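Me: Please take a close look at one helix in this structure and describe its surroundings.

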Amino acid sequence: MQMSLTTRKIIFILAALCCLLPFMSPPLALLLGLIVAQIMEHPFLHLNHRATNWLLKLAVVGLGFGMNLSSALAAGREGFLFTVASIFGVLILGFILGKLFKTERKTSFLISSGTAICGGSAIAALSPVMKAGEKEISAALGIVFILNSAALFIFPGIGHMLNLTQNQFGIWCAIAIHDTSSVVGAASKYGEQALQIATTVKLARALWIIPVALGTAFLFKTDQKKIKIPYFIGLFILAMLANTYLPGVKTLAPYLVSLAKVGLTLTLFLIGSGLSFQVIGAVGIKPFAQGVLLWVAISVASLWAIMVLV
């Protein structure tokens, strides 16, 4: 028996409201979203991507009110070499795997860029630059969101098993997990210090969208005016500066950070609710295999490097 649109809307809204409760964590919210996606058709699918995009940006800016500038700069310096090495390493390996699997060129590049930089945000920024089609974008986004979902559950367990420090885990999350939402979700589950380091390193990494987009425009011989710059990172920096230097802001900061964490939890529910079996099945075996191999390679290589060097 198929549910009516009104019934689906009521169930969806009630599930979303559950994500606002104190006991809900980002992984639980993601799991709830995945369950909702399998039992019924999304009643607000046309709004889901836009809502997820804006909620994530607001949550990230809110988290900036819980961070100190000097700590963020230290984390950014420590993660810089890992960021540069991993971005170029993933793009090169992605090119090789794309040739081996004979993955469609634009799909292969979007998967590699999403893995190298910041998941769905990189795919959204680069797809108009390279004039990617809906099918290519959907396949790349599907792979990124599936692997993000897995990382949110897997990474904290591995971190505890290997006794990674807060610093090590924060850097590892920022390097090896695609999307900012899952990076923040996994790091917040591990600890407050890990969260601050992971968020700072990941957002610094996201700025690489700009040079990679310029390179993409040259590679695919398209218009450079279509590049989307992640302006919300500037707001995150302003929030961090306000928390560091304005005493009045420090009083409000804990409440703003709490709201940001609730926003992140709701964001992950929305991401999960968009991952139905139809979306997963439409990805294709070869692109999915390329995405998994890239993710495993960057996860293992960065973990080894961080355990040795940090």
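Reply: What follows concerns helix H7, its contact with H9 and the core around it.

The model is predicted: local features need pLDDT of at least 70 and side-chain atom pairs pLDDT 80 or more, whereas totals for chains, interfaces and linings use all residues. Residues are numbered from 1 along each chain as its sequence is written, and side-chain values use heavy atoms, without hydrogens and water.

Helices here are DSSP runs of H or I with at least four residues, numbered from the N terminus. H7 covers residues 134-161 and H9 residues 180-190; their axes come within 9 Å and cross at roughly 30°. Axes are lines fitted to C-alpha atoms over the stretch in contact, with angles from 0 to 180 degrees between N-to-C directions. H7 is therefore roughly parallel to H9, a label for angles under 35 degrees.

On the H7 side, the contact is made by Asn148, Leu152, Pro156, Gly159 and His160; on the H9 side, by Ser182, Gly185, Ala186, Lys189 and Tyr190. Contact means heavy atoms within 4.5 Å.

The largest nonpolar core has 85 residues, and Leu110, Phe155, Phe169 and Trp172 have the most contacts inside it. Such a core is a set of buried Ala, Val, Leu, Ile, Met, Phe, Trp, Tyr and Cys residues joined through side-chain atoms within 4.5 Å, where buried means under 20% relative accessible area (1.4 Å probe, protein chains only). H7 supplies the largest share of this core, eleven residues. Leaving out residues up to four places away in sequence, Phe155 touches Phe169, Trp172, Ala176, Ile177, Trp295 and Ser299. A second, separate core of eleven residues includes Phe12, Ala15, Cys19 and Ala29.

Methods: Helix = DSSP H or I, 4+ residues; strand = E, 2+ residues; numbered from the N terminus. Parallel < 35°, antiparallel > 145°, perpendicular 65-115°, else oblique. Buried < 20%, exposed > 50% of the residue type's maximum accessible area, 1.4 Å probe, protein only.
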